[in-house]
Amino acid sequence: MAGAGGLANLYGTEKDRVNCPFYFKTGACRHGDKCTRLHNKPVTSQTLMLPHMYLNPIAAPVVNAQGIPEEYDRRYLRDHFEDFYEDTYEELMKLGEILELNIVDNVCEHLLGNVYVKFATEEDAENAHKNLTGRFYGGRMLMPEYVPVTDFHESSCRQYEENECERGGLCNFMHLKGVSKKLLRDLFSEQKKLYKDRRRERKRKERAEGRAPSEEDVRDREPRHEEPEDDDEPVFGMGRAVAPAKRDRETSEERRGRLREAYEKKHGKRQWV
């Protein structure tokens with residue numbers, strides 16, 4: 001039994017010489033099918049990955065007339081990402097109750113633009129997988145995959161969280177993009193209204209069975225985010241704050257309206273097909 005326990009502790013770690021730790025933690029591997037370790041692809045999972053769905057502007061730098069790359073304005077990058085995040089969240093929550101929606105900032109080939117969505121149940125994930133397969137977003141076909149990723153804290157790069165990652169966008173661990181608490185609060189509120197009947201029925205069943213929900217049940221069921229102390233402070237990985245951004249004078253509704261208008265003017269109203 002001790003030997004079995006030791007193998008279980010090694011699974012998905014760097015010391016595991018059989019299973020690929022990068023695929024286990026990120027659902028992707030830079031070696032792809034040529035990897036010398038096993039990629040144990042789950043038949044079902046709470047988490048779906050939508051490969052290369054987000055077109056990250058930093059992966060296509062702007063070059064001026066002299067051929068010199070120019071840096072994007074940080075406000076533009078934030079607005080571009082958060083409009084995509086809002087558009088994606090609002091569509092995906094129709095297919096199942098979302099616990100976490102994470103998008104990576106990596107620019108290496110196997111992680112570039114990957115979108116990860118963890119649903120409340122495997123049934124929600126299965127429904128989303130069925131309805132998303134073959135659909136198009138921004139003219140590109142979506143090919144969702146079940147992935148073994150469940151703990152995004154374990155999958156993320158510790159150095160990136162501390163702004164010390166020397167590999168930058170080429171890192172093989174997740175660099176999760178920050179989301180403003182203001183936007184998260186609005187999206188969670190919309191989803192809560194959409195699934196209030198299901199939550200009520202779940203609580204009724206728990207009372208009928210004479211049991212209180214466990215701490216783990218509550219944690220996995222509720223969207224994991226902190227109540228905002230500063231509405232403009234971005235949230236890292238749906239729950240942890242990162243470097244603060246400049247305070248906007250406009251309200252949440254005004255900003256979302258401005259972003260939506262600019263996005264539709266540039267890309268058109270229909271991204272989802």
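**Strands, cores and salt bridges: a conversation**

Biologist: Let's start with the sheet. In what sense do strand 1 and strand 5 pair?
Modeller: This is a predicted model, and in it 4 bridges join strand 1 and strand 5. One residue to look at is Thr47, whose bridge partner in strand 5 is Lys118. The sense in which strand 1 and strand 5 pair is antiparallel.

Biologist: How many bridges join strand 4 to strand 5?
Modeller: Strand 4 and strand 5 run antiparallel. Within strand 5, Val115 stands opposite Ile103. The number of bridges that join strand 4 to strand 5 is 5.

Biologist: Which residues of strand 5 are covered on the side across from Val115, Val117 and Phe119?
Modeller: Strand 5 is mostly covered, with 5 of its 5 residues buried. Val115, Val117 and Phe119 are on one side, and both faces of the strand are covered. The buried residues on the other side are Tyr116 and Lys118.

Biologist: Now for the nonpolar cores. Which helix gives the most residues to the largest one?
Modeller: The largest nonpolar core has 29 residues, and Met53, Tyr85 and Tyr89 are among those that touch the most other members. Strand 1, strand 4, strand 5, helix 3, helix 4 and helix 7 each supply at least two residues of this core. With 5 residues, the one that gives the most is helix 3.

Biologist: How many residues are in the other core that lies apart from it?
Modeller: Nonpolar side chains in soluble globular proteins tend to be buried together. Here a second core lies apart from the largest one, and Met49, Val104, Met174 and Leu176 are among its members. Its number of residues is 11.

Biologist: Which Trp does Met53 touch?
Modeller: Let's leave out residues up to four places away in sequence. Met53 then touches Phe84, Thr88, Gly113, Val115, Tyr137, Arg140 and Leu142, along with one Trp. That residue is Trp272.

Biologist: On to charges! Which residue forms a salt bridge with Arg198?
Modeller: Arg198 lies in helix 8 and its partner in helix 4, so the pair ties together parts that are 74 residues apart in sequence. Arg198 counts as partly exposed at 29% relative accessibility, whereas the partner is buried at 8%. The closest N and O atoms are 2.8 Å apart, and the partner is Asp124.

Biologist: How far apart are the closest N and O atoms of Glu201 and Arg204?
Modeller: Glu201 and Arg204 are 3 residues apart in helix 8, which means that about one helical turn separates them. Glu201 is partly exposed at 33%, and Arg204 is partly exposed at 42%. They form a salt bridge, and the distance between their closest N and O atoms is 2.6 Å.

Biologist: Is Asp79 buried or exposed?
Modeller: Asp79 meets Arg78 in a salt bridge of 3.7 Å, N to O, and Arg75, Arg78 and Asp79 are linked in a network of such bridges. A residue counts as buried under 20% relative accessible area. The relative accessible area of Asp79 is 11%, so Asp79 is buried.

Biologist: How many salt bridges are found in the whole structure?
Modeller: We have met the pair of Arg198 and Asp124, and also the pair of Glu201 and Arg204. A search of the whole structure gives a total of 10.

Biologist: Last one: how much accessible area does the nonpolar surface patch have?
Modeller: The patch is formed by Phe136, Met141, Met143 and Val273. Of these, Phe136 has its place in strand 6 and is partly exposed at 31%. Together, the four residues of the patch have an accessible area of about 380 Å².

Notes:
Residues are numbered from 1 along each chain as its sequence is written. This is a predicted model: local features need pLDDT of at least 70, side-chain atom pairs count only at pLDDT 80 or more; totals for chains, interfaces and linings use all residues. Side-chain values use heavy atoms; hydrogens and water are left out. A salt bridge is a side-chain nitrogen of Lys or Arg within 4 Å of a carboxyl oxygen of Asp or Glu. Buried means under 20% relative accessible area, exposed over 50%, partly exposed in between (1.4 Å probe, protein chains only). A nonpolar core is a set of buried Ala, Val, Leu, Ile, Met, Phe, Trp, Tyr and Cys residues joined through side-chain atoms within 4.5 Å. Contact means heavy atoms within 4.5 Å. Two strands pair if DSSP finds at least two bridges between them. Patches are made of residues with over 30% relative accessible area and no salt bridge: like charges are joined within 9 Å, nonpolar side chains (Val, Leu, Ile, Met, Phe, Trp, Tyr) within 5 Å. Accessible areas come from the Shrake-Rupley method with a 1.4 Å probe; for residues, only the protein chains shown count as cover.
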